[in-house]
Amino acid sequence: MPPQKSIVLVTVDCLRADHVGFMGYDRPTTPFLDSLAAASFVIPAAIVAGAPTYYSFPAILGSRHSLALGRDVLGLAPGESSLASVLKQAGYATAAINAANPYLSSQFGYDQGFEEFQDCLSDEPAQISANALTAAPRGWASRLNGKLQLIRPAMGPLGIFYDELYFRYCQSVTPPAQSIDVLRPYPAADMIVDQACTWLKGVGDKPFFLWLHLMDPHAPYYPKEEAQALVGHSPISPNRARYLNSYWNRSDLGPSRLARHREEIVALYDAGIRWVDAQMARLIDTLRGSKLWDDCIFALTADHGEEFLDHGGRFHPPSKLMEELIHVPLLLRVPESAKTDLGKSPFSLLDLAPTLLDAAQLPVPEEFQGSSRWDEIRQGKHLDGVAISECVAGCTNPSRRDGRLGPRVLSVREERFKLMLQFDPPAEQLYDLEADPGEHAPLAPTAQMAVRRRLLEAAREHLQRTSGQRDQRMSLRARVRDLRLEWTRPIPQRL
Ligand SMILES: [Zn+2]
């Protein structure tokens with residue numbers, strides 16, 4: 001009997017599909033992964049089930065639509081089946097290393113099923129490093145600014161001038177940064193891969209499941225200096241990088257003024273991806289050196305993308321589900337399986353966990369809402385069905401319960417058409433991704449009525465299935481956990 005296959009799952013925060021080489025990007029962000037992709041399955045239209053992190057991961061690890069237990073439930077519910085719990089039960093050694101994304105901590109149930117779980121978070125509420133952005137002045141300048149902000153709305157055009165002056169003043173009083181490494185708020189991929197390699201050394205003969213979550217492309221964008229050179233541009237100095245991140249973070253500027261520094265910001269983001277690529281080469285070298293690679297399934301994907309003014313916005317707030325936020329790369333390497341050409345029909349990350357289990361010849365638990373697509377992938381067959389993504393509009397800080405209960409935003413994506421639905425106020429837009437891949441102009445309300453009807457019907461079915469058949473027991477367990485946590489430990493205030 002052949003040995004049971006191990007599984008390595010790498011999720012990269014904020015990695016949009018069109019910024020990796022094997023998805024057609026022209027900057028050399030992923031030379032190693034491109035070479036791996038040449039002999040692996042590459043899913044052309046992998047779509048997250050929600051964005052950002054907290055609306056994406058219940059589907060990735062738990063194969064469950066993120067709002068299916070109710071909008072007030074974050075993370076995996078206590079006792080909920082996940083890829084890790086299933087593999088642990090099957091006798092796998094399991095480990096997870098998360099580069100300090102607070103929404104993937106034990107607080108939200110992501111440690112379930114992992115024998116070894118490192119989230120690189122301290123017990124203190126997580127805060128962006130004090131250095132990461134320009135310092136806010138203290139003393140008289142802070143008091144004066146506080147007073148001026150009160151009358152800021154009445155200042156008219158003078159207010160714009162004041163904002164600019166204040167931003168420059170903040171720059172001038174911030175002490176210089178000695179290195180880009182001290183500005184970065186998250187551990188870089190090399191540190192996560194170091195820990196992974198140490199764990200792999202002791203894994204022995206057991207099959208294993210290793211999940212790594214990397215934060216290198218996440219804002220603020222402070223890539224390793226070496227990565228900037230590797231991606232082909234001259235390194236941006238630490239102080240310039242801090243200026244750019246502070247500028248990009250300004251809430252007082254519209255897209256046309258932000259666009260001034262867009263290229264440099266994208267260059268920093270791309271260098272973060274390049275660092276992930278270099279570390280993946282190192283990880284796989286270690287697996288090869290330990291003779292673990294031959295029996296190892298390897299999957300690399302992302303929890304959502306990132307916006308660079310594509311639709312006038314920045315980062316990845318949950319309010320729209322445009323392609324730059326929901327279309328992610330998915331590279332899948334399964335030993336002894338030959339690459340197939342897959343069409344452009346969507347693959348929901350809801351199906352990832354069942355597909356990985358099936359590829360490892362393990363049964364998929366009934367409670368998973370997704371299904372295995374392994375047969376279609378290995379035989380190069382068309383992937384039927386639609387990909388549903390959803391989030392709660394404006395919930396940028398889910399530690400506030402009222403923010404979690406905002407209106408739902410939902411998208412239904414087929415290969416060519418995509419329907420976006422807002423529920424409050426009600427609105428819908430239908431896009432033809434073939435004619436308009438940038439989603440710049442929704443089709444007229446009377447166009448493509450049969451398509452519109454089909455996608456609306458898919459949305460209705462989804463809502464009926466996920467809210468009508470809610471697992472109330474699981475939902476209550478999660479709420480009890482959250483209430484206990486509210487008494488004992490503050491929920492992080494970032495991302
Ligand atoms: Zn994320």
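In the predicted model, helix α6 (residues 189–201) packs against helix α10 (residues 262–289), their axes coming within 9 Å and crossing at roughly 10°. The two helices, α6 and α10, are therefore roughly parallel to each other, since angles under 35 degrees are counted in that class. On the α6 side the contact is made by Ala189, Asp190, Val193, Asp194, Ala196, Cys197 and Leu200. These meet Trp275, Val276, Gln279, Met280, Arg282, Leu283, Thr286 and Leu287 of α10. By residue class, the contact of α6 with α10 comprises 10 nonpolar, two polar and three charged residues.

Helix α8 (residues 238–248) was examined for burial. Eight of its 11 residues are buried, so α8 is largely enclosed by the rest of the structure. The buried residues of α8 are Pro238, Ala241, Arg242, Leu244, Asn245, Ser246, Tyr247 and Trp248.

The zinc ion has protein donors from Asp13, Thr53, Asp303 and His304. Asp13 is listed twice, each time through OD, while Thr53 contributes OG1, Asp303 OD and His304 NE2. The donors lie 2.0 to 2.8 Å from the zinc ion. Along the chain, the donors follow the spacing D-x39-T-x249-D-H. Distant parts of the chain are linked by the pair Thr53 and His304, which are 251 residues apart. Thr53 belongs to helix α2, and His304 to the loop between β7 (296–302) and β8 (307–308). Both positions fall under the 20% limit for burial: Thr53 counts as buried because its relative accessibility is 2%, and His304 is buried with a relative accessible area of 0%.

The residue that follows Thr53, Tyr54, is also placed in helix α2 (residues 53–62). At a relative accessibility of 4%, Tyr54 counts as buried. Its side chain reaches the backbone oxygen of Cys395 at 2.5 Å. Between Tyr54 and Gln112, 58 residues apart along the chain, the C-alpha separation is 16 Å.

Two cis peptide bonds were assigned. The bond from Ala51 to Pro52 is cis, with omega near 0°, and Pro52 is located in the loop between β3 (46–47) and α2. The bond from Ala219 to Pro220 is likewise cis, with omega near -5°. Pro220 is part of the loop between β6 (208–214) and α7 (225–230).

Thr94 occupies a place in strand β4 (residues 93–98). Its relative accessibility is 0%, and Thr94 therefore counts as buried. A polar atom of the Thr94 side chain lies 2.8 Å from the backbone oxygen of Gly113. The backbone nitrogen of Glu115 is found 2.9 Å from a polar atom of the Thr94 side chain. With neighbours within four places in sequence left aside, the contacts of Thr94 are Ala84, Lys88, Gly113, Phe114, Glu115, Glu116, Trp199 and Phe209. Gly113 and Glu115 thus appear among these contacts as well as in the backbone pairings of the Thr94 side chain, at 2.8 Å for Gly113 and 2.9 Å for Glu115.

A further buried side chain is that of a loop residue. Glu414 is situated in the loop between β14 (408–413) and β15 (417–423). With a relative accessible area of 14%, Glu414 is buried. The side chain of Glu414 makes a polar contact of 2.8 Å with the side chain of Arg454. Apart from residues up to four places away in sequence, Glu414 touches Pro346, Val386, Leu433, Arg454 and Leu455.

Positive phi values were assigned to two loop residues. Glu336 has a phi of about 65° although it is not a glycine. The loop that holds Glu336 runs between β11 (331–333) and β12 (347–348). At 71% relative accessibility, Glu336 counts as exposed. Gln361, also not a glycine, has a positive phi of about 60°. The position of Gln361 is in the loop between α12 (352–359) and α13 (374–379). Gln361 is exposed, its relative accessible area being 66%.

Notes:
Residues numbered from 1 in each chain as written. Predicted model: local features only at pLDDT ≥ 70, side-chain atom pairs only at ≥ 80, totals over all residues. Heavy atoms only, no water. Axes fitted to C-alpha atoms, helices over the stretch in contact; angles between N-to-C directions. Helix = DSSP H or I, 4+ residues; strand = E, 2+ residues; numbered from the N terminus. Parallel < 35°, antiparallel > 145°, perpendicular 65-115°, else oblique. Contact = heavy atoms within 4.5 Å. Nonpolar A, V, L, I, M, F, W, Y, C, P; charged D, E, K, R; others polar. Buried < 20%, exposed > 50% of the residue type's maximum accessible area, 1.4 Å probe, protein only. Polar contact = N/O pair within 3.5 Å; in protein donor to acceptor, adjacent residues only side chain to side chain. Donors = N, O, S within 2.8 Å, 3.2 Å for Na, K, Ca; no water.
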